[in-house]
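I opened the model to look things up chain by chain. These are my notes, in the order I made them.

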Amino acid sequence: MFTLSSLGIVIFQVIIIIVLAPLLSGIIKKIKAFFQIRKGPGIFQPYYDIAKLMRKDSVVSENVSWIFHAAPVISFAAVLTAGLLIPIYISDMPFGFAGDLIAVVYLLALARFFTALASLDAGSSFGGMGGSREMFVASMVEPALMLSIFAIALNVGSTNLSFISQAVSSMGLSAVSPYHILAFVALFIIAIAETGRIPVDNPATHLELTMIHEAMILEYSGKQLAIVELGAMMKQLLVFSLLANIFFPWGIASEISAAGIAVALAVFLIKIIILGAGMAIVETSTAKWRLFRLPDLLSVSLMLSFLAIVSFIIVRGV
Amino acid sequence: MIYTYSFYGFFFFILIGAALSIIFNKKDRLSTSASFISAAIASIFGIIFSLSVIFGETFDLALPGSLFFNFGFSVDRLSAFFILVISVSVFAVSIYSVGYMREYFGKKNIGYLGFLYNIFILSMILVVSANNAIMFLIVWELMSVISYFLVVYEHEKPETRKAGFIYIVMTHIGTGFILLSFLILAGGSGGFGFEGFRASGSTMPPLYKDLAFLFALIGFGAKAGIVPLHIWLPYAHPAAPSNVSALMSGVMIKTAIYMLIRVFFDFLGAGVLWWGFLVLAAGAISAILGIMYAIVEPDIKRMLAFSSIENIGIILLGLGASMIFYANGSPALSAIAAIAALYHLFNHSVFKGLLFMGAGSIIFSTHTKNIEKLGGLIKKMPMMAILFLTGVLSISALPPFSGFVSEWLTFQSLLLSFSSGDSLVRIVLPASAAVLALTGALAAFCFLKAFGIGFLALPRSEHAEHAKDANGPMLLGMGIFAVLSILLGILPVYVIPFLDRITGTFTGESAIDKSISSDYFGTIIMPASQISMSTPSLLVFMLILLSIPLVILFLSGKKQGTVYETWGCGQPVSTARNEYTGTALSKPVQIWFKNLYRPVRELRATYSVSPLIKQSFKFESRIGQVFENHLYIPVTGYILSKSRMIKFIQTGSIHAYLAYIFGTLVILFMFVILGGK
Amino acid sequence: MIEYLLLAPVLTGMVCFFSKTRKQVETASLAGSIATLLLGLLLVWQVYKYDIIITWQNALFADAFSAFIVLIVSIVGFVASLYSIGYMGHELDHGAMDLKRLRLYYVLFHGFMFTMLLVGVTNNLGLWIAIEMTTLVSALLMILYSKKSSVEAAWKYMIICTVGITFALFGTILTYYAAVNILGETGDALNWTSLIAVADRFDPTIMKLAFIFILIGYGTKAGLAPMHTWLPDAHSEAPTPVSALLSGVLLNCAMYGIIRFYTIATKSTGIDFTSNLLIIFGLLSLGIAVPFILLQEDYKRMLAYSSVEHMGIIALGIGFGGVFGVFGAILHMFNHAMTKSLMFFGAGNILQKHETKEIFNVSGLVKSMPVTGAMFVIGTLAITGSPPFSIFISEFTILAAGFSQGHYIATVLFLLFIIMIFAGFFNNVSKMAFGTPKQGIEKGDVGRLMLLAMGILMVFVFVLGVYIPPPFYEMIMKVVEIVR
Amino acid sequence: MEEIVFGSGIMQLLIALILVSTFMILGSTRLYSCVRAFGMQSFLLACVAGIVAFSTGKTDIYIVAFLTLAIKAALIPYIFIYIIREIKVKREIDLYVNISPSLIIGGILVVISYYLIRSINLITELSSFALSASMSLVSIGLFIMISRKKAIMQMLGILIMENGLFLGAISLTYGMPLLVELGIFFDVLIGVLIMGILIFRINRTFETIDTDMLKTLIG
């Protein structure tokens, strides 16, 4: 099983995730700027930010415990581990055996859990606010996320992500069907929430009363902040690649070959840029919602994915 | 032969413990160690016994009964499994209790508690090993009554007495339904032996089967605490001493699950589809409502009690799925669902025991159950904090801890409806999987609150200021459970085949190699749908990948940054007063589901000189308990008002009394005359 | 044999009457009750051997059923006399009564014993006389204290029970008339044995009327609703040992009368008529007991109402019929006698300690008087029919009988009522037993003898809950044979 | 029962008179007259017993007749008078139901019991008549107990019921066996005595024998 090549694939995947993550957010920022008729920072700005943070040393609250220091590291690792399970440029993940969709969701939950703990550790009320809101949104996101992918999983009969992407890609365009679209829309809404974008959260703001993710990490600074930010970007990338490779896995490499991988990477980049563009459009065209209107939004996605399942069963006529 | 010895060994040591604790009644320290250590030894025998049954064959023992009662024990693998669960919990909790009991030295009668404790354990073991309905009812009620006495151990507090009353009445109502169910079964077989029940279950007319099922579900559901029969848990568990609530919540309510499996599969041969759906629905409702009430609960033990309701719900989800598959004629799938249920049952007994013991040690050192009054404990009691965190991570089903594995299995068994033919099944089961997902997320929120508010940041009251770490035995007892919940998390490949030996006995088929198998690196594989999951390798990956951020941290220059106070818009915030409270933390959920909680708000301001200058400002907010306010209180109120009306017949006037007799006479005459015609 | 048994209490009463000091009276009464107990057991043993004993030209006779009643009477009587020494001694010390009264008490006590034994062993319809006698003597026992309430209770008891008994006599006469038409004017046209033999040829209509009169008559004495109205007053106002005898034994004696006639009447009217009546009255008694127990403020009255409930259960058991039902009912007679006496003794201890019958004014028993408190709580569990105590077994048997005989609704109602009664009992008793004691109540239990008496009963209550000795079982089975 | 056919006319008359005496009790407002009427009723009963004894020639029925005369017609009325004198109760009996409605109800009761007894088939006309009379005595006795306030009247009511039973027994079966009869007489006597004692007690503790006062034990 464990050939060197597979190990290479994994390492490559880790590198890709870490490297591409800032790029993606840079791209999205750029597209947003474009739609807002601004020049905006270059797409490599996130790299500069992280590099800058690396050089700064951190100011730590006097109240914190070891949780505060451990949390970023653990979340980072958890997100990366989730990354090992999600096909990005090759559908047959060597470590795919270690977990399926549910594992991915719960690994992301683990990351979130520790970030939220850290937000409470410093004892500032902003942190508490952020953690509270984060968990609140998460508790609505998780069921919707699961259900939307179950809709696809029902189709192929498995929750193993590699297997799903293989199956869907092998199906060709015939895979595109009402429930496929419904599920995709549902997952897209969830992606908005997961990546903390308008109308759920505003990544750009630093106004304490409106932010969610930023409020959680308010106490972090310097290297630790760098790690946190990088982790967030990685998570965003992973969510995007879920969208890309679960619903439109076409072009993904099915076996190891330099050419295939190169093509797959290219295709992947295009996909996530398109998705990012969509995201940017949504962000620029809507205003941020009140926190307590979010349940409406997410219940919409929940309903969509449920409809997806029902229509699937009707279409299949079982 | 080993089992007979270990069986008797268990009884011997339990009774020794009971006796010693009474004998040394006056000497606190002595009676404590005597009763609890012998309980621990007994539990070791229990473990040996149960294992020897699971890997050996069924153990039967007939008591020398009289003509009227023919009692006996019959321990098959299912019973043995529950004996195992009970014994494991008892072992850890007993060790913990040795330290925990110091709380009561000189205050309360330790010997009395030790005695009840041992008898309570005995009764639980008897419940799962009885082979006769009458004997079962006797030991079942014994268990309830003893636990009642344990609940009212601190009976000086009125709320404790109220809790005990609610508990004993609810459990008695449950017993009433159990009685009916058994009577129906006995009507089929003509005897009260469980053997007869097995025979009669297949031959009974369907209506009787349905009734027996319903009564059993209600009766045992009242003990298991499924909504809406759950109201006693949040009262009883906080009232009891923490080691007792660890046992009550960890294992006692599981005995009800045992009997549910016994009745549905063993006696009635779960052949009816809607039974499964009903159990599934009960599970879903209990899970979601339980965790919702847990989230907004400031009392840590009440919160744990509510979360027990949630976990019972999850177990029932697995059980219901298993019943559905069984009714659909796919025993292998049914087996895997049952494995999921039993797995979660075992896990819950471990981490809930751990958490209750943690709550106990918090109370032990801070003398408050209110999360809002805690805080900063991670510095005051570091060891305890780590153990508690382990429990929190497990119960929040975060990989790679135990809760994750069992919930993953439950998810998979719900999604096995992929391959089911019935379209209703294919809609309902994924939907309940979504419910399970919501429950898991809320549970994470709930325990984030518990740990974050309770242990992190600054102490919120002088209770927490002067907290000290738990003493040796307590840490040891909790440590055992912490290690167990990690092992159960990373070694499913050994646990699942073990559980399969048990589920095979009632689902009739082994799931191994048909619907689940294990692979290298502790991987679980479900061949049906190429799904695989391997917590150990997840753990390994995480550990490896931890290196990356660490490397980043260490490579980039100075390690520790400067220490400064928490930033709060320039205001000094390093006081406990303006920390984020637990209520505020869970407020979004409370607003989200305000139709369920129906919160009661009170806003009172006192003014000093003029109505413009507020002197003090008091805000109170309570959560309405829907089922109490809209189901139980009205019913009891109705009964009592009717009773008041009836009481008027006892007027005290002798003439009225004579008139009653005269009236009765006349009525009976009419009866005869009309009957004569 | 039987004469000696009857003679023992009479002699004891006389000795008590002529004895001078307190010590003498107490020793005399204790010795007498022990003798009664031994003779009673001897009788039981003989019946066990010869099945049936008849003496005094058929006036006295003893079969298994009589022996069973005699057993209950003599056991509870012995325990009660044991308890009386402690209880009445306490009353004497605290000036609640003088030596003359005390002597009178013991005389009447043994007179009461005599009458109740007589109920068991009279052969014929003359049973009526014995039962009327019990009323008379116990009424006197009740007015031992000249409190307003006790006089009132005694008057109600006397009047209502006499009226009832008069109806019973009418029923007896009708039965006799029916018998005479078959047997002719022979003296033994009243004997159980000869009646049973020909009962199936009696005129049904007359027997129906007769059974109605008997049911109302003896039912009044047995405290079946709605004729139970006197019972709570009487049982709560009588001196505690007497309350125990009234609740535990006397009600059973009345029930005995009903069951005897039930056997005869059933043979001519058919099972439906009689058993339906019994079921109706049983359920009525159970149902009536519920509200009064739920909202009770006086713990002795609570116990009295629970007696109504349990008489209802016995009636239900007989009404359900079948071996199970009758077995359960007969067993329940015994269990109820033991448990209820235990409870009344506990109540007596509490009363002497706290000098109030108000539930609200009692609390923290398990602290202030540990032994009594513990026994009272356990007794509560037992009386409400929770395992592993004896009453659970009999109630369970009756439930099973009801189900197997197809009386589903009655059974479910029965279950519902006993659950409600359980709730009521626990609501009250947990108020009394737990919490902190009222101020002014110093720690410390009552006399040893009283606790010993309770202990003896406790043994019965507990042992019969888990194990029925084969001889006892056979005896009950014999009774079942007689009744069915 | 052909032997007493010759006496049946007299029997009928006596029984009718017994009913009349009962109605006298029902209709009178003064204790003394009630007691007197009761004495007369018992005397008539004794006569009935005597006739039955004469016609059947059974000695033990003679004894019964004599006992009735001695105890019920003489002794018990005397006890009543004694009690009334001793406790100086005011002579009027106060009642819940007034005289005229009481009389009407009594009549209704008689009719009901007559039809009731009709509905069961008995051997002879006479015995059925006697039985219905005894039924009505029993019911009227109970009615008196319900409708009269004074304790002493309740005692009287019980005795009337007793008489009714006696009439029934004698007319149906020539009475019970002697032993039983003696027992019954014994009980009645003791019962009356004890009730007397009780009435004295009530009078001492409550300063009245009006049972309306006895309403403290409730619930």
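**Chain C and its surroundings**

I looked up burial in chain C and found that 70% of its 484 residues count as buried; a residue is buried if 20 or more other C-beta atoms, placed from the backbone, lie within 10 Å of its own, exposed if 12 or fewer, and partly exposed in between. I note that this is a predicted model, where local features need pLDDT of at least 70, side-chain atom pairs count only at pLDDT 80 or more, and totals for chains, interfaces and linings use all residues. Residues are numbered from 1 along each chain as its sequence is written, while chains are lettered from A and ligands numbered from 1 in the order in which they are written.

I listed the secondary structure of chain C as 19 helices and 2 strands; these are DSSP runs, helices being H or I of at least four residues and strands E of at least two, numbered from the N terminus.

I then looked up the extent of chain C, whose C-alpha trace spans about 70 × 55 × 45 Å along its principal axes. The radius of gyration of chain C is 21 Å, which agrees with the value near 23 Å for a compact globule of 484 residues. That radius is taken over C-alpha atoms, and the globule rule is 2.2 Å times the number of residues to the power 0.38.

Chain C does not touch chain A, and their nearest C-alpha atoms are 41 Å apart; touching goes by contacts, which need C-beta atoms, placed from the backbone, within 7 Å. Chain D does not touch chain A either, with nearest C-alpha atoms 56 Å apart.

**Chains A and B**

Which chains share the most contacts? Of the 4 pairs of chains in contact, A and B do. I found 73 residues of chain A and 72 residues of chain B in this contact. On the side of chain A that touches chain B, α5(A) gives the most, with 17 residues. The residues of that side divide into 46 nonpolar, 19 polar and 8 charged. Here Ala, Val, Leu, Ile, Met, Phe, Trp, Tyr, Cys and Pro count as nonpolar, Asp, Glu, Lys and Arg as charged, and the others, Gly among them, as polar.

I also checked the strands: β1(A) and β6(B) run parallel and are joined by 3 bridges, where pairing needs at least two DSSP bridges. One partner pair is A:Val60 and B:Val563.

**One residue of chain B**

I picked B:Ile339. Beyond its neighbours within four places in sequence, B:Ile339 is in contact with residues including B:Leu409, B:Ile496 and B:Ala511.

Note on methods
Contact = placed C-beta atoms within 7 Å.
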